[in-house]
Each structure stands twice: as C-alpha cells, then as structure tokens.
Amino acid sequence: MIPKQTVNMTDVARRSGVSIASVSRALRGESGVSPTTRERILRAARELAYVVSPEASRLSGGATGRVGVVVPRIDAWFYSTVLAGIAGEFDTVGMDLVLYALPDSASRYRFFEALPLRRKVDAVIVASVPLTARERTRLDQLGVPTVFVGGHHPGDSHPWVGINEELAARQAVGHLVRIGHSDIAMIQARDEEGTPWATNEGRIRGFHRQIDEAGLTDPIVVIAEWGIDGGAQGMEMLLSMPQLPTAVFCHSDEMALGALRTLSKSGISVPHQISVIGVDDHPSADLSDLTTVAQPVRDQGLIAARQVLAQLDPDAVEAPEEVSTLPTRLVVRGSTAPPR
C-alpha cells in the first residue's frame with residue numbers, strides 16, 4: 001500500500017507562487033495579503049486538500065477554530081438538546097465542537113487537573129456541570145472565553161444562559177395551589193454522589209417558598225436519584241405513607257414520568273386521585289399528557305454558542321446579553337386537576 005503523501009504549507013506556497021509567510025497569513029485570516037493573492041492561496045489549498053493543523057495554529061498564536069463543550073453526560077435529553085443548539089449555531093460559521101463528558105467527581109477531578117483543552121480550543125462552554133471553587137479556578141487558568149449554560153451561581157462573572165430554576169418550581173406549585181390543592185408533596189432529586197447542583201437547589205427553594213406563601217405547612221418531601229427510575233421510587237415512598245397527598249411536584253419531567261409509571265401500576269387514577277406536575281417539557285411529557293413548566297433548552301445552547309462567537313469575533317456576531325435568563329411557561333395538560 002502506497003502511503004498517502006502529506007501536503008504541507010510549502011506545497012501550497014509553491015502552487016500559488018507566493019512565500020510561506022503569505023500562505024500562513026492568508027490561511028489564518030491575517031492582514032498583509034491582497035484579496036487577489038488570498039483567493040489564489042485559498043484556491044491552491046483547496047486543490048491540494050490542505051488542512052491547517054489546529055495544534056500548530058494554536059502554538060503559533062492563531063485560532064484553532066474549535067470550542068470545547070463540557071457536560072456531565074450526553075445520554076439525557078437536556079444535554080443532548082443543548083448540544084444540538086450549540087452545534088447548529090457553530091455549523092453556520094464552520095466552528096468545530098470538542099466534547100467532554102464528566103459523569104462523576106473522579107472524571108471531573110482528572111479533567112480539571114489535567115486541563116486537556118489547553119491549547120486545543122479557542123473557548124469553552126460548560127453545560128450545567130457542578131463545579132467546586134478549585135475547578136472554577138482551573139477553568140479560568142485556561143485563559144480562553146468561558147460561557148456557562150444552566151446551574152447559575154449568583155455572583156459568577158462569566159457569561160451565562162439558562163432559566164430561573166426557583167421561578168420554574170414556583171410556577172408549578174402555584175398552579176397546584178390555584179386549582180385547590182393544599183396537600184402537596186415533592187419528589188426531590190439527589191445526585192448519586194451527593195454533589196450539590198444549582199438546578200436542584202433552585203427548584204427546592206422555589207417549592208418551599210411557594211408552599212410558605214400559600215400558608216401550607218409541613219409538606220412531605222421524598223428524595224430519590226434523578227431519572228425515571230428515581231421518580232418511580234419516589235412515588236413508591238409516597239404510596240407507603242399513611243395518607244396520599246392530593247398532588248405531587250416532581251423535580252423534573254423524567255422523575256414525573258417515573259412517578260406516573262408507579263401510579264399506573266398501582267391502579268391510582270391521575271389526576272382524579274392524585275395530580276402530578278414536572279418541569280422541563282421533555283418530549284415525552286406531551287405523549288404522557290403531563291402538566292409541566294417548559295423551558296427553552298435548545299435556545300440555551302444556541303445563545304451560549306452566540307455568546308462564545310461574539311467574544312471570539314465581536315465584529316462578526318451580535319453579542320447576546322452576558323446573563324440571559326430565558327422565560328419559562330406553564331403547560332397545562334391532563335395530569336393535574338382540582339382535588340376531589
């Protein structure tokens with residue numbers, strides 16, 4: 001087998017009849033090259049299928065054309081939808097996405113101590129990853145623009161896009177109160193490692209504050225691992241108690257879907273015997289007729305991408321607000337009704 005010949009910058013310079021320095025400036029988009037010469041160089045590069053090495057470009061002070069995106073996991077609707085929004089926006093400008101999934105504290109430790117994104121990307125987007133103060137410091141040491149999606153911590157100076165998690169919970173519980181419920185329980189999410197998540201904290205605050213404002217006391221709260229199975233287990237815990245609440249607020253739609261599964265298996269009618277509400281507007285919420293508070297997930301990824309692009313090239317992209325709190329809305333379906 002004949003090895004494929006490597007095309008380098010010298011080959012591009014020879015074909016276009018210019019110096020290597022001119023080729024370097026043209027391919028990196030720098031000034032000092034006439035439009036006619038630049039076009040000749042780019043045409044030669046295309047004909048030779050020459051690709052700029054991102055690592056070499058970064059080491060020489062140029063841009064890599066890549067943005068790192070850090071997520072806790074990719075096998076969940078929220079994160080995959082955020083990624084779709086980011087990727088769609090990057091695709092319009094030819095920006096590449098480098099993905100890192102950090103599912104647990106051990107992987108987060110390895111990532112932030114090694115900083116594998118150093119010299120490999122022009123910017124970083126962090127999508128709802130719970131970070132320690134040390135991890136935030138290490139992230140800053142990358143020395144590139146950083147944007148956060150979800151999980152906002154008050155006082156953070158980085159650009160951020162997400163929703164008001166506390167308000168979303170208040171909207172959900174407020175709906176239950178308005179239609180007459182006074183015995184409202186919560187299925188609260190728990191991280192399997194006990195790591196505090198800003199999303200959880202915000203929704204917990206919203207639940208309790210709305211309950212307090214309604215003059216209700218001693219709401220039942222059960223805690224289960226995040227996810228459909230966790231929601232099912234949380235509802236099993238509620239069913240084991242002496243008295244069933246008339247309504248249940250679930251931390252997320254995934255947990256609410258699990259709760260509905262348990263109620264169906266137990267022969268308990270929704271919403272006639274118990275109402276269930278979630279947060280997110282997961283695609284399965286509509287199929288399951290689940291009342292929820294919708295958040296614009298794809299838009300969060302899209303705006304985060306625009307925030308990054310605006311920092312990398314302020315003249316090319318109109319910058320969104322540095323802190324973009326997107327609206328949530330109540331979506332009433334068949335899983336909630338006044339108590340009987």
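**View 1. Three domains make up the chain of this predicted model.** Let us start with the layout: domain 1 covers 9-58, and domain 3 runs over 165-295. Domain 2 is written in two pieces, 66-163 and 297-326. Between the C-alpha centres of domain 2 and domain 3 the distance is 29 Å.

**View 2. Domain 2 meets domain 3 through residues from both sides.** Here 17 residues of domain 2 are in contact with 16 residues of domain 3. Together the two domains bury about 1300 Å², and carbon and sulfur atoms account for 60% of this area.

**View 3. Trp77, Pro130 and Ile163 stand out on the side of domain 2.** Of the area that domain 2 buries against domain 3, these three residues supply 50%, more than any other three residues.

**View 4. Polar contacts, but no salt bridges, link domain 2 and domain 3.** A look across the interface gives 3 residue pairs in polar contact, with both residues at pLDDT 80 or more. For salt bridges between domain 2 and domain 3, the count is 0.

**View 5. Helices H5, H6 and H13 line up on the list of contributors from domain 2.** Each of these elements, H5 (77-91), H6 (105-114) and H13 (297-312), gives two or more residues to the side that touches domain 3. Helix H5 has the largest share, with 3 residues. And what is the make-up of this side of domain 2 in nonpolar, polar and charged residues? It divides into 8 nonpolar, 6 polar and 3 charged residues.

Conventions:
Residues are numbered from 1 along each chain as its sequence is written. This is a predicted model: local features need pLDDT of at least 70, side-chain atom pairs count only at pLDDT 80 or more; totals for chains, interfaces and linings use all residues. Side-chain values use heavy atoms; hydrogens and water are left out. Domain bounds come from an automatic or database domain assignment. Contact means heavy atoms within 4.5 Å. Buried area is the accessible area (1.4 Å probe) that two parts lose on being put together, summed over both. A salt bridge is a side-chain nitrogen of Lys or Arg within 4 Å of a carboxyl oxygen of Asp or Glu. A polar contact is a pair of N or O atoms within 3.5 Å; within protein, one must be able to donate a hydrogen and the other to accept it, and residues adjacent in sequence count only if both atoms are side-chain atoms. Helices (H or I, at least four residues) and strands (E, at least two) are DSSP runs, numbered from the N terminus. Ala, Val, Leu, Ile, Met, Phe, Trp, Tyr, Cys and Pro count as nonpolar, Asp, Glu, Lys and Arg as charged, and the others, Gly among them, as polar.
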